[in-house]
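Please open the structure in the viewer and keep the selection tool at hand. The tour below proceeds one selection at a time.

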Amino acid sequence: RHLRRKEEHLKSIQQTTTIGSATNPEEEAESKELQVLLENCLSKMPDRCRRVFHMHRMEGMKYHEIATHLTISIKTVEADISKALKILRKEVESYYK
């Protein structure tokens with residue numbers, strides 16, 4: 001049960017890009033909580049890693065588009081996304097401890 005809730009929370013964080021889309025006060029509070037957690041995670045990421053994560057997850061850009069835009073290789077984009085997700089997982093896990 002705890003693991004499932006943590007996984008759902010992580011999925012919600014990955015889908016959360018704006019506050020205010022909630023339909024009731026409980027959802028609004030959770031949305032704000034998720035936004036704070038996401039901002040905390042983003043602040044702990046190296047600059048390029050944060051930019052790559054934002055471009056991919058929040059702007060919907062493809063890896064090759066990000067690579068072209070930032071003049072880096074697709075492998076670097078993949079590595080930065082992996083690093084970002086590790087940081088995100090670590091923060092979510094520590095949040096639930």
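Is Arg 48 buried, partly exposed or exposed? The model on the screen is a predicted one. Select Arg 48, which is located in helix H3. Its relative accessible area is 39%, so Arg 48 counts as partly exposed, since that class lies between the limit of 20% for buried and that of 50% for exposed.

Keep Arg 48 selected and display its surroundings. Leaving aside residues up to four places away in sequence, Arg 48 touches Ile 72, Thr 76 and Asp 80. Next, add Val 77 to the selection: 29 residues separate Arg 48 and Val 77 along the chain, and their C-alpha atoms are 9.2 Å apart.

**The whole chain**

Now clear the selection and display the full chain as a ribbon. There are 5 helices and 0 strands, and the order along the sequence is α-α-α-α-α. The chain has 97 residues, of which 32% are buried. Among contacts with a separation of 6 or more, 55% are between residues 24 or more positions apart. If the surface is switched on, its accessible area comes to about 6,500 Å², and carbon and sulfur atoms account for 49% of that area.

**Helix H3**

Select residues 47–58, which form helix H3. These 12 residues reach 16 Å from the first C-alpha to the last, close to the 16 Å expected at 1.5 Å a residue. Within the helix, colour Cys 49, Val 52, Phe 53 and Met 55, which are buried. Viewed down the axis of H3, the buried residues lie within an arc of 165°, so they line one face of the helix. A general rule helps in reading such a view: an α-helix has 3.6 residues a turn, so residues three or four places apart point the same way.

What covers the buried residues of H3? Select helix H2 (25–43), helix H4 (63–70) and helix H5 (74–95), which are included in that cover. Then move just past the end of H3 to Gly 60, where phi is positive, at about 75°.

**From H4 to H5**

Select H4 and H5 together. Their axes come within 8 Å and cross at roughly 110°. H4 is therefore roughly perpendicular to H5. To see where the two helices meet, show the side chains of Tyr 63, His 64, Ile 66 and Ala 67 in H4, and those of Ile 74, Val 77, Glu 78 and Ile 81 in H5.

Between H4 and H5 there is a loop, and Thr 71 lies in it. Select Thr 71: its phi is positive, about 50°, although it is not a glycine. In general, most residues other than glycine have a negative phi. Thr 71 has a relative accessible area of 71%, so it is exposed.

**Helix H5**

Finally, select H5 alone. Its 22 residues should span 32 Å at 1.5 Å a residue, and the end C-alpha atoms are 31 Å apart, which agrees. Which residues of H5 are buried? They are Val 77, Asp 80, Ile 81, Ala 84, Leu 85, Ile 87, Leu 88, Glu 91 and Val 92. Down the axis of H5, these buried residues fall within an arc of 160°, so they line one face of the helix. Rotate the view to the other side of H5, where Lys 75, Lys 86 and Lys 90 are exposed.

Conventions. Residues are numbered from 1 along each chain as its sequence is written. This is a predicted model: local features need pLDDT of at least 70, side-chain atom pairs count only at pLDDT 80 or more; totals for chains, interfaces and linings use all residues. Side-chain values use heavy atoms; hydrogens and water are left out. Helices (H or I, at least four residues) and strands (E, at least two) are DSSP runs, numbered from the N terminus. The expected span of a helix is 1.5 Å times one less than its number of residues. Buried means under 20% relative accessible area, exposed over 50%, partly exposed in between (1.4 Å probe, protein chains only). The arc is that of the directions from the helix axis to the C-beta atoms. Contact means heavy atoms within 4.5 Å. Accessible areas come from the Shrake-Rupley method with a 1.4 Å probe; for residues, only the protein chains shown count as cover. Axes are lines fitted to C-alpha atoms, for helices over the stretch in contact, and angles run from 0 to 180 degrees between N-to-C directions. Angles under 35 degrees count as roughly parallel, over 145 as roughly antiparallel, 65 to 115 as roughly perpendicular and the rest as oblique.
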